[in-house]
Every structure is written in C-alpha cells, then in structure tokens.
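The following exercises are to be worked through with the model in view. Each task is followed by a solution in steps.

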Amino acid sequence: DLPLHQRTPRHDDRLLGGLLVDGFDERSCHSRYQSATYRRNPGRRPSLYLVSKLRRHEALQRRCGPGTPAYSNALEQLKSGESVVSPECRYIVSLPYQGLGNRILAAASAFLYALLTDRVLLLDPSDGMDGLFCEPFPGATWLLPPGFPLQGYATFTNDTAETYGNRLRNKVIGAGAGASPPAFAYVYLHSDASGHDKSFFWDEGQALLRRIQWLVMRTDNYVVPGLFLADTFRAELEKMFPERDAVFHHLGRYLFHPNNHVWGLVARYHDAYLAGAARLVGVQVRVFGAQPNSPELLAQITSCTQKHRLLPEVLATGEPAESGAKSKLAVLVTSLKPWYQEKLKSMYWEHAAANGEVVSVHQPSHEEYQRFGVGSHDRKAWAEIYLLSLADELVTTSQSTFGYVAQGLAGVRPWVMYKPADNGTVTVPDPPCGRAASMEPCFFAAPNYNLWKKQWLDTSTVVPHLKSCADFPWGGLML
Ligand code: GDP
C-alpha cells in the first residue's frame, strides 16, 4: 500500500460529492483536498440542492463581500444609521463565543442562517477564529475586515439596547414601531437569551429581521435545530438536508478546513502514530483543569470501551498472547490531562489483549487547563478535534461541543459517556455509556416558548424529528 497521503482518492471523493469546488490554490490550504485521503469513512453525500445552494452562496460572497462596491455601500449605510428599503446585499456578522467546539458550532449555525436568508457571512476574527481555518469561499473572504463601524459590537450582551430582543420589547421594531426599520440589530442567542431574543426562531421574528440589512449574531450554541421551527425555513432545510441528521456533517466539512499550520499538526501526528493501524478508535476525555484524576472515570472509559468491543479486554498478567497474525489497533485519546491515557497505555503494555490485537495508545497533547485567546492552544485543540474525526469509532464525553464537532466531521454516532449522578458520592454510571441517537450536535438552549403565541410548547409537536438530547434533556437535536 502507498502511504495514505500519496493515495489519490476518486475525483468526487476529493470534493466530497460536490460539497467542495475545484480551483482553489492547493498550496494555500493542503487540508482541503488532502483530508479525503486521511478519512476512513467517506461520509454522507450532500444533496444536489445543497450543492447548488452552496455555489449560489459563494457567488453572493464574491458579489457583496469585503472589497466590493456593494460592501462599501452597505458600510456607508450602516454608518448613516438609516435603513434602505431593498438593499443590494444583506449581511450577518457572526461572533462565535467560548471554547473552540462552541465557536465552531456557532459559526456553522450563522452560516446556515446566511444560506437560508441570502446574507453574506462575515466571521469576527477577534476570538482567534482567523488563525485556524482556510477560507471556505473561493474568491471571497469570510473574515470581517478591521474597522467595522459598530463600536463595541464584539462585547454586546442581552442588556444592550440594540439587540433584536430588546428592540422588540421596546417597540423599536415590530408592532407599534415606526415604518422604518433600524440599519442593524444584534441577535443574542446564548444559553441565557430571553424569550424576546428567542422569538427569533419563529416566522414572525424572521419577517422583522428580513428588513434589517446588518445583523450581528452572538451565540455559543448550535442553534440549527431551532431554525427548523420557522415554517419559512423548514421546507428549504428539508430540501437541503434530506438526511436530517447530517446537517453539521455537511456544513462542517464544507466550512472548516485546518489551515496549513494546523494541518501540519494533524498530518504529522497521523502519519507518525495512527496511519498503520487496521482500526482507529478515538476517546475524548473532557475534564476540567481543577478536577483531580478520577479512577471512576477511568473505570467508566474501560468498561464502556470493552463492553461495546471498541477496545479489547486483557488477559491476566503473565498470560501470553495468542501467536499468529496480529492486527493493529490505535487508540487516540484527547484530554487536558495525561493520566487516563497513561493508565490505558500501561494496561495494554502490562497485559496482552484477549483478542490478540496489538494496541497502541496515543495522546497528542495535555494542556492541563483551558486557555483563552492563546493561538497555540487553539491550534492544538483544533488539530485534536480533527484527528478524532478521522477515527473509525468514537467515544465522547457527554455535553461536550469538542466531541460534537469531532463526531459530525467524522460522520459517526459516538458512544457517549454519561455524566455520573450528582448525588455526592463518586460512582461509575451504569450503563457507562450509550450510543448517540444522532451524529448531530445538541442545541443546549432549544426554545420551548413561542412569544408570538404566548405559548409554552414541546417543539417535537412542531418538528417531529426534533428530539430531546440524551446527554442534555433540555436541549434539542435532529434525528
Ligand atoms: P466543551 O467545553 O467540552 O463544550 O468544548 P469546547 O471546545 O467548547 O471548550 C473546551 C476547550 O478546552 C477546548 O476548545 C480546548 O481549548 C480545551 N480542551 C478541552 N479538552 C481538550 C483536549 O482534549 N485537547 C485539547 N488540546 N484541548 C482541550
């Protein structure tokens, strides 16, 4: 066999079934076309309709994006504070927030909203999002250029008067407001967003927002399941994603290509430690900086992986392994702490695997605690998410957006390790893990109130495939 990176995938594999376009300068972004050769799972095929929407959107970004006369006009309009009745181009500035997993899910959500509403997507670079990815749109940038005229836009909160929710509450827009809409609105969709903010998800909210040329959206969440609630979007979403559980899978593979620096981390690690294995299992152990090493969590990892035959059981010490051909299993552990990986590695050194497999255990980094605004820390996190996404099977920690991104890019339903009950005693959950019902990420703050009808509701009555998340029952995800 040729080394992985020298194998040429079928042409349409390299472009992921038409999700990606040919014609980018390959040297500027090696991952875009090379990653297909590293993926064991080819993934789902995008619908032709999604592919055509993406091509149209790329044209929109070129026609209206930074550097075009349309963009200069729109900025002038924004500075004037006045709205235009039918602007040439409309925009959404995305302010992703929190850890890298959260930020990736937030950016993907803003992109889908841009696709649905024909808005140009501009990503705010101030949170380090400019140092991790290649440009996704040919001939246009997705980064918000410096000098954006809205003062303090990057730090608005749900108290800011110009949020869509507050403007609606204060009748600056909507019933009782004057005829002319404002030039911009902030859309606040954090976990603590108010009922007014979240009225965004219904048709009435969308009708108001359509008239506003500039939106600045701030969220730390994967709000996509909420977008299915508006009738205006639902039919379109169903056409774009006939496989409802593959929304992030496609958006993620379209948008997020590691830049050359990160791709170096991914490819070198893969080539050195993972490439020769017959099976690659990823284990994401999400722990927090101050948390002590937990023998219970280690027991949970071993019992989950062995019970579901992801990792082999081991023979008693001293018992010799079976002779004969040995198949290689590589285990990729990601964690802020090294301890879990060290324990697993020792276990498979000191004991033979009962099924005769040769098991190697690897962990690229252990950063000890989460750091904010540090480029090298984010690059490692992104490389590790991406390496996890190359695995055949995944074990993830519940409620972690880091794991959600990996599973979505991989196109696999992971085994999710449940959180132990919070009852003061330290225990290993029983069962230790369960298979996720969907590879889609969970929307932790799924709306359960329709402000327009003043009605609490179970959203699955509106969208039957919108279910509560197994790892976070208040959240919603698409099955
Ligand atoms: P979540 O908090 O689990 O939802 O995931 P996020 O990615 O949003 O935030 C966690 C952040 O902590 C990551 O972005 C990293 O900065 C850091 N982190 C957590 N686990 C790991 C890990 O296994 N490897 C690396 N390199 N960083 C991690």
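Two strands pair if DSSP finds at least two bridges between them. The model is predicted, and the exercises below should be read with that in mind.

**Exercise 1. Determine how strand 1 and strand 4 are paired, and name the bridge partner of Y91 in strand 4.**

Solution.
Step 1. Locate the strands: strand 1 covers residues 90–96, and strand 4 covers residues 214–219.
Step 2. Count the bridges: six join the two strands. Because two bridges are enough for a pair, strand 1 and strand 4 are paired, and the sense is parallel.
Step 3. Find the partner: Y91 is bridged to W214 of strand 4.

**Exercise 2. State the strand order of the open sheet of four strands and identify its edges.**

Solution.
Step 1. Read the order across the sheet: it is 2-1-4-3, with parallel pairing.
Step 2. Identify the edges: strand 2 and strand 3 (184–188) each pair on one side only.
Step 3. Add the twist, which averages 20 degrees from one strand to the next.
Step 4. Place the helix: helix 5 lies across strand 1, strand 2 and strand 4, and makes about 170 degrees with strand 1.

**Exercise 3. Describe the open sheet of six strands and the helices that pack on it.**

Solution.
Step 1. Give the order: the strands follow one another as 7-6-5-8-9-10, and the pairing is mixed.
Step 2. Mark the edges: strand 7 (358–362) and strand 10 (433–435) each pair on one side only.
Step 3. Note the twist: its average is 20 degrees from one strand to the next.
Step 4. Place helix 15 (residues 375–388): this helix packs on the sheet and touches strand 5 (279–285), strand 6 (328–335) and strand 8 (393–397). The direction of helix 15 makes about 145 degrees with that of strand 6.
Step 5. Place helix 16 (residues 401–410): it lies across strand 5 and strand 8, at about 160 degrees to strand 8.
Step 6. Examine one edge: strand 9 (residues 415–417) and strand 10 run antiparallel and are joined by three bridges. One pair of partners is M417 and C433, the latter in strand 10.

**Exercise 4. Explain what is unusual about the backbone at P431 and at D118.**

Solution.
Step 1. Recall the general rule: most residues other than glycine have a negative phi, and most peptide bonds are trans.
Step 2. Consider P431, which lies in the loop between strand 9 and strand 10. The peptide bond from D430 to P431 is cis, with omega near 0 degrees.
Step 3. Consider D118, found in the loop between helix 5 and strand 2 (119–123). The phi of D118 is positive, near 55 degrees, although the residue is not glycine.

**Exercise 5. Which residues are closest to the ligand, and which elements supply its shell?**

Solution.
Step 1. Count the shell: 19 residues surround the ligand, and the closest are G99, L100, G101, S400 and T401.
Step 2. Assign elements: helix 5 (100–117), strand 6, helix 15 and helix 16 each supply at least two residues. The largest share, four residues, comes from helix 15.
Step 3. Sort by class: the shell has four nonpolar, eleven polar and four charged residues.

**Exercise 6. Describe the hairpin formed by strand 13 and strand 14.**

Solution.
Step 1. Locate the strands: strand 13 spans residues 466–469 and strand 14 spans residues 472–478.
Step 2. Describe the pairing: four bridges join these antiparallel strands, and K467 has L477 in strand 14 as its bridge partner.
Step 3. Describe the turn: two residues stand between the strands of the hairpin.

**Exercise 7. Assess the overall dimensions of the protein and the confidence of the prediction.**

Solution.
Step 1. Compare radii: a compact globule of 479 residues would have a radius of gyration near 23 Å, and the protein has 23 Å, which agrees.
Step 2. Give the extents: the C-alpha trace spans about 80 × 55 × 40 Å along its principal axes.
Step 3. Report confidence: the mean pLDDT is 93, and 97% of the residues reach 70 or more. For the complex, the predictor gives an ipTM of 0.99 and a pTM of 0.96.

Definitions and conventions: Residues numbered from 1 in each chain as written. Predicted model: local features only at pLDDT ≥ 70, side-chain atom pairs only at ≥ 80, totals over all residues. Axes fitted to C-alpha atoms, helices over the stretch in contact; angles between N-to-C directions. Contact = placed C-beta atoms within 7 Å. Near = placed C-beta within 6 Å. Nonpolar A, V, L, I, M, F, W, Y, C, P; charged D, E, K, R; others polar. pLDDT = per-residue confidence, 0-100. Rg over C-alpha atoms; globule rule 2.2 N^0.38 Å.
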